[in-house]
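Trainee: I would like a close look at one part of this structure. Please take me through it step by step.

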Amino acid sequence: MRLHHLTLVLIGLVFAIGLLGASAPAFAAPAAPAAVGTPAAATLPPGPKAPPSGAAMAQTCAGCHGTDGRLHAAAFMPLAGMPKAQLAQAMRDFRDGKRPSTLMGHVAQGFSNGEIDAMASYFAAVKPE
Amino acid sequence: MNSRRQFLLASATALGAVAFPAIARAGQASARIVIVGGGVGGATAAKYLKLADPSLRVTVIEKNPVYIRPYGSSEVLNAHVTMQDLRVSYDALRHKHGVAFVFDAAKSLDPVNKTVTTASGKVLGYDKLIVSPGIKLRYDSLPGYSEQLADSQVPSGWIAGAQTALLAKQLQSMRDGGTFVLAAPPNPYRCPPGPYERAALMTEWFSKHNPRAKVIIADPKDSFVTDETALLGWNRLYGFQPPAEYRTKLAAKLQPSTQPCALEWIQAKAGGTPQRLDAKTMTLHTAGGAIKADVINIIPAMVAGQIAFDFGLTNDSGFCPVHRATFESTLHKDVYVIGDSSIADVMPKSGFSANTQAKWVARVITDGLAGRDPGTPVWENTCYALAGKDYGLFVADVFKIKDDGKIGRINKARYLPLDATPAQIRLSAVYQQAWIQAFTQDIFA
């Protein structure tokens, strides 16, 4: 019931944007990753299904991996400045059980590919100290 | 003259009209954020607010000039660390991040005029208020128990401080072959694996220093968060035999034991529920009978910190209802409640929860002041715990708001796997220690 309603609203939205002159496929295709943090995303109602921003997700890592991924003298991997592809692959491998871990596999289960990419972009842009 | 004055007035008005939005923006940029409580939640919020916008005027009201961290504080009891090791300075927050501190007790809230008054009569105005008062221990929830007894004879030590030191002294000097009883708390409470970690660490310590000593957990519950992995660890380390309902699942992994285990867990259904304390005879009366002990540690029922009650932020549950997407109180506008005092659905009352809630609220506030949308919230929790000094356990969670509007867990697996290798178990204990260090840095450095 709820889902059905949401679908109708979404279809309506896409249709309305189409009417306004924006191309519907272009809106639908890049969906999540491209929309994160762009001004265009802010004009849409956020909704619980929208992915969190890379920065918001990165903050949840900091309790172990250091503020902004900058970490001194601890057993965990500092994430600041890690190349995007390396971090994104590590998270996918943890999540899919291809790389053994203690709890990183569990944490990685909480994130989609798009979310992992957004997080990895965030950390790649942080200057390690 | 007259016309000149009129001209000046007119231009001043025009100037005013033009300048107003700029002034308003400047005013917002230096908004006053008051934070009540300098624990994990409050200190994290202060640091992350200043990182996001150094121009914010952030003031923390905290009654203690030094923080005594509760996470990892049971390691004072088994002499792994000292009370000194629990002390965390506010210096970096003050001098590196520019957070102002008022070392005083917060007394009352005026949500209409948006002020907080302290015990010494200081009045602080705010644009946004963050309240992170932790928990209040309901010493009166167990007949025969009181705060006075907790401070002098039967410590709780669940808010780290003098009671932690007292309990450590009692345990380390307990008579040869004595009995240590730990009364576990009812749900919900701060640090869900904590009481069981404490009992296990003392069992391990006694095995070396007081080998005939006994440890008994009297529990008003039948289960706890990390129970399966903890019970398996206790079996391996102390010869513990888990209750029947756990044996099926753990069967293949359990080791038989020939000796009675020094550690006993009395579930509610076995009569473990604490009912009354007789401090004179050092007896804990439970639903199943009386337990005479040499050292008793009562971890009583908990509600939101007293400040949450004084500020009118609690509901009938004794905790604080908040809008999930922002952690703004449903009872007072522009007041945010984070950490143990907030009602956050399946998020445990842990330091890690408070830490990620604080960061989210800092984002909600700074984005709100700048007219930006903070987007979709996400939170995490990681609790490391020990079954023994070198035997680590954990629970790990990622949270979002689910379709029912409540905070729900996204990941499926949460615990150390039951078939974890010895290396994973040992590494979890290494990470438990590393986490204390990294977590403290993220909050206070």
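Which residue is the bridge partner of I33(B) in β2(B)? And what lies around that spot?

Mentor: The bridge partner of I33(B) is V58(B). Keep in mind that this is a predicted model.

Start with the two strands. I33(B) belongs to strand β1 of chain B, residues 32-36, and V58(B) to strand β2, residues 57-62. The two strands run parallel, and five bridges join them.

Now widen the view to the sheet. It is open and has five strands. Their order is β5-β2-β1-β9-β19 in chain B, with parallel pairing. At the edges sit β5 (100-103) and β19 (335-337) of chain B. Each edge strand pairs on one side only. On average, neighbouring strands are turned by 20 degrees against each other, direction ignored.

Next, take helix α2 of chain B, residues 40-52. What covers its buried residues? The cover includes β1 and β2, and also α4 (91-96), β9 (128-131), α11 and α12 of chain B. The helix is mostly covered, with eleven of its 13 residues buried. Among them are V40(B), A43(B), Y48(B) and L49(B). K47(B) and K50(B) are buried too. Check the length of the helix as well. At 1.5 Å a residue, its 13 residues should span 18 Å. The end C-alpha atoms are 18 Å apart, so the two values agree.

Two helices from that cover, α11 and α12 of chain B, lead on to the other chain. Both give two or more residues to the side of chain B that touches chain A. So do β20 (379-388) and β21 (391-401) of chain B. The largest share, twelve residues, comes from α12(B). In total, the contact takes 36 residues from chain B and 27 residues from chain A. By class, the chain B side has 17 nonpolar, ten polar and nine charged residues.

Finish with α11(B). Its axis and that of helix α5 of chain A, residues 54-65, come within 9 Å. They cross at roughly 150 degrees, and the crossing is right-handed. Which residues meet there? From α5(A) come A56(A), Q59(A), T60(A) and G63(A). From α11(B) come F352(B), N355(B), T356(B), K359(B) and R363(B). An α-helix has 3.6 residues a turn, so residues three or four places apart point the same way. The residues of this contact divide into two nonpolar, five polar and two charged.

How values were computed. Residues numbered from 1 in each chain as written. Chains lettered and ligands numbered in written order. Predicted model: local features only at pLDDT ≥ 70, side-chain atom pairs only at ≥ 80, totals over all residues. Pairing = 2+ DSSP bridges. Helix = DSSP H or I, 4+ residues; strand = E, 2+ residues; numbered from the N terminus. Axes fitted to C-alpha atoms, helices over the stretch in contact; angles between N-to-C directions. Contact = placed C-beta atoms within 7 Å. Nonpolar A, V, L, I, M, F, W, Y, C, P; charged D, E, K, R; others polar. Left-handed = near helix turned anticlockwise from the far one by under 90°. Expected span 1.5 Å × (residues − 1). Buried ≥ 20, exposed ≤ 12 C-beta atoms within 10 Å, placed from the backbone.
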